[in-house]
Amino acid sequence: MTDTPSPHLYILSAGRTGTVFLEKLLSVYAPRATAQHEPAPTREQMMLANLRNDFGIGGGVLRRWFQKARAKRVGAASGPYIEINPFLCAMTDLLCDGPRPARIVHVTREPESWARSMTVFKASTKFRWFIDYIPFAKPYPSPRPKGWSRWSFYERNLARWVWCNSRIRALADTAQAYTHLRYEDLFNEDQQVRETAVMQVFDTLGLERPKQIDWALFQTRANPAPASQAQFAKTGAEQILRPLAYELGYDV
């Protein structure tokens, strides 16, 4: 009888949800673990996954590439390896595929503020000014909702929120452990709410709980979006977001 391989550990989101901060938190309070945010080559793998989802081609290549690259990252870690990666929402079917179980922390942010942030921020400075025009360079709902071609970037980002979070939430049925964590709880003014959220992360990933947390860490914003005076209409947001937003604890 062989032992079950240790589980894959993931922190998943649609992006812009404080996951860069969680990488820092884990580096301080889980020093034996290796936490990586958006490791290469997962952006390129996301683009192939979007192509696969749309046209049904490249699935075999994607699976082999994904498994080989991830095995290399896991093998290089001296302790538990935690992948913090919004790019994976286009290929969630691969995360519980194989002999290793998965333990998943699903992080969400209030959808309309998330969509505003994504519309302004878009990507790193290197890609920010043209990423909207690169095919498959961002999570790409497949099939696209009716009216997608006429929608603004903001409305499309609302649909991305729904698509990504629906796919991640579905993993609860197959993961060894799954928890949903709200950005608003992680950075809540109430320390008890923050502590409950942080401990969910450690418990779900099977890591030892920290005995004490320096809450000053929560005062530093990681990866802030650039300032913007852009206005975003609420028209149609409710129709795009329901019912998932309600299920995840958000009013729209």
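Arg 109 lies over the face of Tyr 183, 5.0 Å from the ring centre. The same Tyr 183 belongs to a cluster, linked by ring pairs, with Phe 21, Phe 187, Trp 215 and Phe 218. Please keep in mind that this is a predicted model. Below is a friendly tour of its rings, strands and charged side chains.

**Charges over rings**

- Besides Arg 109 over Tyr 183, a lysine takes part in such an arrangement: the charged end of Lys 138 sits over the ring of Phe 153, 6.0 Å from its centre.

**Aromatic pairs**

- Searching the whole structure turns up 10 aromatic pairs.
- One of them joins Tyr 140 and Trp 148 edge-to-face, with 6.0 Å centre to centre and 85° between the planes.
- The two partners differ in exposure: Tyr 140 has a relative accessible area of 22%, so it counts as partly exposed, whereas Trp 148, at 7%, is buried.
- Trp 161 and Tyr 250 also form an edge-to-face pair, at 6.1 Å centre to centre and with 80° between the planes.
- What does the pair of Trp 161 and Tyr 250 tie together? Trp 161 lies in helix α5 (residues 153-169) and Tyr 250 in the segment after α9 (244-247), so the pair connects parts that are 89 residues apart in sequence.
- Both Trp 161 and Tyr 250 are buried.

**Strands β4 and β5**

- Strand β4 (residues 102-108) and strand β5 run parallel, joined by 6 bridges.
- Across this pairing, His 106 stands opposite His 180 in β5.
- In a regular strand, side chains alternate between the two faces of the sheet.
- Which residues of β5 (residues 177-182) make up its covered face, and which its uncovered one? Ala 177, Thr 179 and Leu 181 form the covered face, while Tyr 178, His 180 and Arg 182 form the uncovered one.

**Arg 52 and its surroundings**

- Arg 52 lies in helix α2 (residues 42-55).
- Is Arg 52 buried or exposed? Its relative accessibility is 13%, and because buried means under 20%, Arg 52 counts as buried.
- The side chain of Arg 52 makes a polar contact of 2.9 Å with the side chain of Asp 93.
- Leaving aside neighbours within four places in sequence, the residues in contact with Arg 52 include Ile 57, Leu 62, Met 91 and Leu 94, as well as Asp 93 and Arg 167.

**Salt bridges**

- Side chains of opposite charge can pair when their charged atoms come close.
- The count for this model comes to 10 salt bridges.
- Glu 83 forms a salt bridge with Arg 70, and the closest N and O atoms are 2.4 Å apart.
- This pair links distant parts of the chain, with Glu 83 in strand β3 (residues 81-84) and Arg 70 in helix α3 (residues 59-76), 13 residues apart.
- Glu 83 also meets Arg 73 in a salt bridge, at 3.0 Å from N to O.
- Here again strand β3 is linked to helix α3, with Glu 83 and Arg 73 10 residues apart.
- Glu 83 and Arg 70 are buried, and Arg 73 is buried too.
- Glu 208 and Lys 211 meet in a salt bridge of 3.9 Å, N to O.
- Both of these partners are exposed: Glu 208 has a relative accessibility of 64%, and Lys 211 has one of 79%.
- Arg 52 returns here, since salt bridges that share partners join Arg 52, Asp 93 and Arg 167 into one network.

Key. Residues numbered from 1 in each chain as written. Predicted model: local features only at pLDDT ≥ 70, side-chain atom pairs only at ≥ 80, totals over all residues. Heavy atoms only, no water. Phe/Tyr/Trp six-rings, centres within 6.5 Å; stacked < 30°, edge-to-face > 60°. Buried < 20%, exposed > 50% of the residue type's maximum accessible area, 1.4 Å probe, protein only. Helix = DSSP H or I, 4+ residues; strand = E, 2+ residues; numbered from the N terminus. Lys NZ or Arg CZ within 6 Å of the ring centre and 35° of its normal. Pairing = 2+ DSSP bridges. Polar contact = N/O pair within 3.5 Å; in protein donor to acceptor, adjacent residues only side chain to side chain. Contact = heavy atoms within 4.5 Å. Salt bridge = Lys/Arg side-chain N within 4 Å of Asp/Glu carboxyl O.
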